[in-house]
Amino acid sequence: MSDVELVLRSTRVITPEGTRAASVAVSGGTITAVLPYDADVPSAAHLEDLGDHVLLPGLVDTHVHVNDPGRTEWEGFWTATRAAAAGGITTLVDMPLNSLPPTTTVENLRTKKEVAADKAHVDVGFWGGALPDNVKDLRPLHEAGVFGFKAFLSPSGVDEFPHLDQDRLAQSLAEITSFGGLLIVHAEDPHHLDAAPRHSGPKYADFLASRPRDAEDTAIAQLIAQAKRLRARVHILHLSSSDALPMIAAAKAEGVRVTVETCPHYLTLTAEEVPDGASEFKCCPPIRESANQDLLWQALADGTIDCVVTDHSPSTADLKTDDFATAWGGISGLQLSLPAVWTQARRRGHGLEDVVEWMSARTAALVGLGQKGAIEAGRDADFAVLAPDETFTVDPAALQHRNRVTAYAGRTLYGVVKSTWLRGERIAAGGEFAEPSGQLLTRPS
Ligand SMILES: [Zn+2]
């Protein structure tokens with residue numbers, strides 16, 4: 001242990017083999033060993049004794065809309081990555097929309113990286129976008145290091161990011177599969193959305209009826225069929241409809257290369273509790289009924305759903321009007337995702353190990369980041385330190401998000417993030433932040 005610089009000691013360290021008392025040795029930003037709790041600490045090393053606070057691998061959030069440049073008033077790299085750090089997230093992967101430009105060409109990717117470079121408090125990677133007219137850009141973007149490609153099957157909410165019809169989906173998917181890439185999909189079928197009843201106004205039930213489950217179910221069925229036909233690798237974004245779970249489970253059992261994520265808001269908020277006009281709860285697909293939520297939890301437990309990501313998608317407060325039909329659809333949850341999920345998970349009999357699996361190990365695996373997602377020798381020394389039994393009441397004023405509109409306001413949550421560490425450096429603790437030291441990540445080849 002002669003060159004060890006830092007030792008983090010806790011009675012509860014979450015490792016791939018389980019939770020145990022341990023001392024984690026760090027050198028050069030990398031975990032060099034997970035040692036017995038009472039291992040000798042070299043005199044040159046700094047000992048950080050965390051007591052009974054839990055040491056877990058920093059979370060990897062693969063679904064974040066940073067919106068920078070172009071809609072920086074909605075969210076920017078400085079604010080988003082600070083919020084991530086405050087919430088125990090050490091890596092985020094930025095969605096290709098709603099920034100201007102969207103990440104749909106190599107040049108646009110370069111623009112985004114230039115903007116992000118000196119603002120990243122955590123590590124940041126990028127998804128590319130698959131549009132009807134950019135098939136030729138997909139391979140160059142893949143070679144430039146994006147982690148995969150996002151497509152919509154119904155209108156995205158912003159004009160510059162049009163959706164793919166089934167023919168364009170097949171074309172993009174074939175191209176992406178030709179170089180071994182990953183397509184991640186917002187799966188709602190536009191025809192079912194068009195056919196659904198539409199009423200403007202403040203009633204959540206009207207909004208819910210306008211985004212029916214069968215829109216999700218149909219789009220997912222079509223995507224699975226395409227993935228099967230092309231032997232393609234696809235990932236279903238933000239699953240809300242539990243009706244789609246049996247066919248996803250069947251596809252997985254059959255060997256179709258499909259993975260699935262859901263989000264903290266689907267797991268912790270319910271349609272029944274959304275107040276009239278409270279469009280901070282609006283997202284697409286929508287938050288559904290509590291019986292639906294129970295089935296999502298069951299699917300997480302049995303592995304049909306692979307992972308949990310925030311889909312942090314903020315806007316300015318003025319776009320969150322009390323008309324559900326026209327208000328911006330997107331929920332801000334970056335800083336709160338760990339305590340929100342943990343609060344429900346513990347109520348449902350899950351351990352923190354499960355939360356780490358869903359929000360760190362499997363999301364890191366989704367994007368092939370072998371150096372993230374676990375506390376073990378050889379991985380990056382990225383950590384969150386959590387007091388899992390402490391509670392706090394969500395005060396929007398305490399959020400680092402640029403716009404402090406949140407569906408979680410006033411809720412009491414379990415799990416206080418005491419500090420967050422990136423490559424062995426403490427980047428956030430007690431509302432204080434280090435200077436940005438995040439790296440811009442490229443897909444490992
Ligand atoms: Zn999203």
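A residue counts as buried here if 20 or more other C-beta atoms lie within 10 Å of its own. Serine 419 has 21 such atoms within 10 Å, so this serine is buried. The model is a predicted one, and serine 419 makes a handy way into it. In this model, serine 419 belongs to strand β16, which covers residues 412–422. Setting aside the residues within four places in sequence, serine 419 is in contact with Val385, Arg426, Ala428 and Ala429. Tyrosine 204 is another matter: 215 residues separate tyrosine 204 and serine 419 along the chain, and their C-alpha atoms are 37 Å apart.

Serine 419 aside, what does the UniProt record say about residues 54–425? The unreviewed entry annotates this stretch as "domain: Amidohydrolase-related". Over residues 54–425, helix makes up 34% of the chain and strand 17%, while the C-alpha atoms at the two ends sit 17 Å apart.

Now for the sheets. Strands of a sheet pair through backbone hydrogen bonds, and they can do this in a parallel or an antiparallel way. One open sheet here has three strands, lined up as β6-β7-β8 with parallel pairing. Strands β6 (59–64) and β8 (123–126) are at its edges; each has a single partner strand, so one side of each goes without a neighbour in the sheet. From one strand to the next, the twist averages 20°. Strand β7, made of residues 89–94, runs parallel to β8 and is joined to it by four bridges. Valine 93, for instance, has glycine 125 in β8 as its bridge partner.

A further open sheet is built from six strands in the order β9-β10-β11-β12-β13-β14, again with parallel pairing. Its edge strands, β9 (128–129) and β14 (307–308), each pair on one side only. Towards the β14 end, how many bridges join β13 to β14? There are two, between parallel strands, with β13 spanning residues 258–262. Glutamate 261 finds its bridge partner in β14, namely cysteine 307.

That leaves the nonpolar interior. In soluble globular proteins, nonpolar side chains tend to be buried together. In this model, the largest nonpolar core holds 132 residues, and Val24, Leu55, Leu183 and Val185 are the ones that touch the most other members. What does valine 24 contact, leaving aside its neighbours within four places in sequence? The list runs to Val7, Leu8, Val13, Ile31, Val34, Leu55 and Ile375. Leu55 therefore turns up twice, as a contact of valine 24 and among the residues touching the most other members of the core.

Key
Residues are numbered from 1 along each chain as its sequence is written. This is a predicted model: local features need pLDDT of at least 70, side-chain atom pairs count only at pLDDT 80 or more; totals for chains, interfaces and linings use all residues. Two strands pair if DSSP finds at least two bridges between them. Axes are lines fitted to C-alpha atoms, for helices over the stretch in contact, and angles run from 0 to 180 degrees between N-to-C directions. UniProt positions are given in the numbering used here, feature names are shortened, and annotations may be inferred rather than shown by experiment. A residue is buried if 20 or more other C-beta atoms lie within 10 Å of its own, exposed if 12 or fewer, and partly exposed in between; C-beta atoms are placed from the backbone. Two residues are in contact if their C-beta atoms, placed from the backbone, lie within 7 Å. A nonpolar core is a set of buried Ala, Val, Leu, Ile, Met, Phe, Trp, Tyr and Cys residues joined through C-beta atoms within 7 Å.
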